[in-house]
Number of protein chains: 2
Amino acid sequence: MTMGRPRAFCTEKALDEAMEVFWRHGYDGATLAMLTKAMGIKPPSLYAAFGSKEGLLKAALDRYAERRSAHMRYVLEGATARDVAERFLSSIAESHTDPANPPGCLLVQGGLACGAGSENIPFELAARRAQTETELRGRFLRARDEGDLPEGSDPAALARFLSTVASGMGVLASSGADREALREVARVSLAAFPRGRGAGEAPA
Amino acid sequence: MTMGRPRAFCTEKALDEAMEVFWRHGYDGATLAMLTKAMGIKPPSLYAAFGSKEGLLKAALDRYAERRSAHMRYVLEGATARDVAERFLSSIAESHTDPANPPGCLLVQGGLACGAGSENIPFELAARRAQTETELRGRFLRARDEGDLPEGSDPAALARFLSTVASGMGVLASSGADREALREVARVSLAAFPRGRGAGEAPA
DNA sequence: AGACTTATCTACCACTCGTTACAAAAGTTG
DNA sequence: CAACTTTTGTAACGAGTGGTAGATAAGTCT
């Protein structure tokens with residue numbers, strides 16, 4: 001098919017390894033030496049395939065989003081706004097403590113602050129985090145139109161609240177909190193969420 | 001008084017400048033060049049006074065905790081558990097968007113993930129974050145004993161929830177969210193908090 | 001004054017960073 | 001086969017990293 005010497009490594013497997021390194025050490029903390037070792041390739045192969053360290057991160061972020069999209073679709077398919085919130089928080093509690101990955105969220109661990117020369121990385125990550133909030137807001141706007149949220153509810157505020165709690169759970173998981181701790185936070189958070197179309201009841 | 005040549009810079013002023021650099025760029029992202037320039041001193045003075053880059057961070061963290069202690073004392077003096085929660089979230093919304101400081105929380109911005117040679121930094125920051133949760137938990141345990149929380153309430157879970165939301169607000173502020181956005185999150189979060197000793201009402 | 005103690009500055013250390021020439025290797029195409 | 005195209009490994013690039021000698025300056029002590 002394609003001409004020239006064929007690539008000796010699997011791009012997707014390599015991206016998975018790179019993702020793990022960025023996840024565990026952050027963008028600045030992840031060195032080319034770590035990345036190339038984990039990916040099992042040498043620097044020239046990395047640069048030929050991804051352009052730069054930043055290009056590699058973006059490719060890894062794309063793959064991360066791709067992985068998450070199935071979960072997010074399931075979350076948004078919740079019958080009611082409250083179902084959606086419950087699914088969202090539960091899925092976060094599980095995924096952020098999945099032993100197959102570093103703890104927390106790549107979009108948070110990747111880097112909230114970076115050094116000289118990578119100042120744009122935090123923006124990139126923030127933009128990807130905002131994506132989730134946008135999806136939730138859209139779903140909650142629909143829920144309000146469907147009469148699925150009480151009158152006084154603010155769909156945008158609820159979406160931002162959930163997304164903020166998710167970020168907080170990322171920080172918590174990154175500190176070594178176990179799955180049960182995250183589930184507890186999810187449970188308490190859900191009490192802030194309006195029930196059906198009426199008023200709430202006894203929160204925890 | 002003390003013998004030898006007197007120090008030509010003010011330790012506390014220098015620490016404030018260093019704090020700002022760590023806050024804005026994270027531990028790994030903050031280079032000695034940035035730090036010495038901001039502090040207005042040369043590397044040997046820095047090392048004589050603080051021992052190492054890590055020593056400087058810890059000194060800055062101590063100063064950060066000192067600054068916050070007054071706010072935290074005010075928060076814990078709230079009459080009821082709900083007052084405490086309200087004061088806590090409000091104070092976080094204000095302080096994390098204080099234009100006098102970089103956005104967010106130093107204990108989050110400082111570094112959730114670090115590179116080789118500074119793997120212990122995230123632990124240090126996590127330990128300091130846990131301090132706040134511990135203080136809240138202590139206050140809520142007292143509140144329960146005073147009959148200030150409903151029967152089924154879990155003081156530890158509530159403390160962890162608030163501390164998690166605070167971390168999330170740090171991430172949000174770091175993404176450029178304005179003060180009003182954080183206040184909104186605080187308001188919604190408070191709906192998860194039990195009212196008085198009875199059941200809750202219509203949340204937002 | 002002179003001995004002593006501590007801080008400051010200039011210059012530099014060994015090392016690591018992200019990135020890239022260059023040539024050899026491994027394929028496809030005529 | 002030879003021409004072409006792309007990938008791979010070795011080795012290195014300049015720039016910047018955290019950290020430090022060693023000399024000098026600026027004070028206090030006897």
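**Chain A and its contacts with DNA strand C**

In this predicted model, an N or O atom in the side chain of Tyr47(A) lies 2.2 Å from a phosphate oxygen of DNA strand C. Tyr47(A) is also among the closest of the 24 residues that surround this strand. The points below describe these surroundings and then chain A as a whole.

**Surroundings of DNA strand C**

- Besides Tyr47(A), the closest residues are Thr31(A) and Leu32(A) from chain A, together with Gly4(B) and Ala8(B) from chain B.
- Sugar or phosphate accounts for 72% of the strand's atoms within 4 Å of the protein, and bases account for the rest.
- Leu32(A) places a polar backbone atom 2.6 Å from a phosphate oxygen of DNA strand C.
- Lys53(A) has a polar side-chain atom 2.8 Å from a phosphate oxygen of the strand.
- Helix α3 (43–50) of chain A and helix α3 (43–50) of chain B each supply at least two residues of the surface near DNA strand C.
- The largest share of that surface, three residues, comes from α3(A).

**Fold of chain A**

- Chain A contains nine helices and zero strands.
- The C-alpha trace of chain A spans about 65 × 40 × 30 Å along its principal axes.
- Among contacts in chain A with a separation of 6 or more, 66% join residues 24 or more positions apart.

**Burial, surface and charge of chain A**

- Of the 204 residues in chain A, 51% are buried.
- Chain A exposes about 9300 Å², of which carbon and sulfur atoms supply 52%.
- Chain A carries 26 positive and 26 negative side chains, and the centres of these two sets are 4 Å apart.

Methods. Residues numbered from 1 in each chain as written. Chains lettered and ligands numbered in written order. Predicted model: local features only at pLDDT ≥ 70, side-chain atom pairs only at ≥ 80, totals over all residues. Heavy atoms only, no water. Helix = DSSP H or I, 4+ residues; strand = E, 2+ residues; numbered from the N terminus. Buried < 20%, exposed > 50% of the residue type's maximum accessible area, 1.4 Å probe, protein only. Contact = heavy atoms within 4.5 Å. Areas by Shrake-Rupley, 256 points an atom, 1.4 Å probe, with all protein chains shown as cover. Lys, Arg positive; Asp, Glu negative; His and termini not counted. Charge placed at Lys NZ, Arg CZ, Asp CG, Glu CD. Near = heavy atom within 4 Å. Polar contact = N/O pair within 3.5 Å; in protein donor to acceptor, adjacent residues only side chain to side chain.
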